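This briefing covers a ligand site and the pocket that holds it. The sequence and structure come first.

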Amino acid sequence: MTTILQQFAQAITQGNVEVIDLSHTLQARTSVINLPPQYGQTAPFRLEEISNFDQRGPNWYWNNFSCGEHTGTHFDAPVHWITGKDYPDGATDTISVQKFIAPACVIDVSDRVKENEDFLLTVADVEAWEAKHGRIPAGAWVLMRTGWSTRALTDGFLNEREDGGHSPGPHADVPEFLAMERDVIGFGTEPVGTDAGQAYAFAKPFPCHHTMHGNNKFGLSSLANLDRLPPTGAVLITPPLKIKRGSGSPCRVLALVER
Ligand code: 23J
Ligand code: MN
């Protein structure tokens, strides 16, 4: 008899389950969100060499790094937003680790983003995806595939103009649908944040942050390689760093996909 875990371990070693890296490389050029100037700003990623096989450490190489919690490919915890601030299990150190492994539904709207940088995913789009691929199961991630990750390390990633960033995201109705009607675990996107670049100016600002975190749901942003995932069937591994009362953290997001 082989147990599920023995079968899984064999599938990994034999390559029948492939591990796909959904994270960008953290580096000084990694784009971070710019908020309007009246607000505090997040720090970019910085690497400071401690020693490199030299007089500072003849046999060892290591660095100090610094960055904001919401830098590069990262995890948004519920306590990040005012609506989620009181969840005792809503910070990076208090979220149940059981929640860091979950299936993913991938909605591909990259063709429509080519025509409209401010494309907003609607509930109708989600329902059209369900008609084709089945109902989004409770506890699943919903990932919005836009092709935006190819812009990483270019000005087109933040895509800032006079009126702020221009990047795709969910329409204001989608987070409510996903949290209340589908009980997903979270929403993930390729741009710098889970909300669209212009979401600060919506009638209800930052609806994804507001509603997902208000329902103890998570976010993933600056995801890469979503084009390598099937619409259903992938499993994500998403543990943030265990920062005490952390609101999020850079995350090495992995996807398991059956070959
Ligand atoms: C703070 C304020 C607004 C936003 C964000 C952070 C993020 O995008 C984030 O990384 O959570 S929109
Ligand atoms: Mn964030």
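**Ligand site and pocket**

In this predicted model, the residues around ligand 1 (a heavy atom within 4 Å) are I33, L35, H70, H74, D76, H80, W81, G193, F206 and H209. Local features need pLDDT of at least 70 and side-chain atom pairs pLDDT 80 or more, while totals for chains, interfaces and linings use all residues. Residues are numbered from 1 along each chain as written, chains are lettered from A and ligands numbered from 1 in written order, and side-chain values use heavy atoms, without hydrogens and water.

Polar contacts (N or O pairs within 3.5 Å)
- An oxygen atom of ligand 1 lies 2.7 Å from a side-chain N or O atom of H80.
- For H74, the corresponding distance from a ligand oxygen is 3.1 Å.
- For D76, it is 3.4 Å.
- The protein covers 88% of the 320 Å² of accessible area that ligand 1 has on its own (Shrake-Rupley method, 1.4 Å probe).

Shell composition
- The shell around ligand 1 holds four nonpolar residues, five polar ones, with Gly counted as polar, and one charged.

Pocket
- Ligand 1 occupies the largest pocket, where a pocket is an open set of points on a 1 Å grid that fit a 1.4 Å probe, with protein on both sides within 12 Å along at least five of seven lines; occupying means that more than half of the ligand atoms lie within 2 Å of the grid points.
- The volume of the largest pocket, the space filled by probe spheres set on its points, is about 730 Å³.
- Its lining (residues with an atom within 4 Å of a point) has 31 residues, of which I33, N34, L35, P36 and F206 are closest to the centre.
- By class, this lining has 11 nonpolar, 15 polar and five charged residues.

Terms used
Polar contact = N/O pair within 3.5 Å; in protein donor to acceptor, adjacent residues only side chain to side chain.
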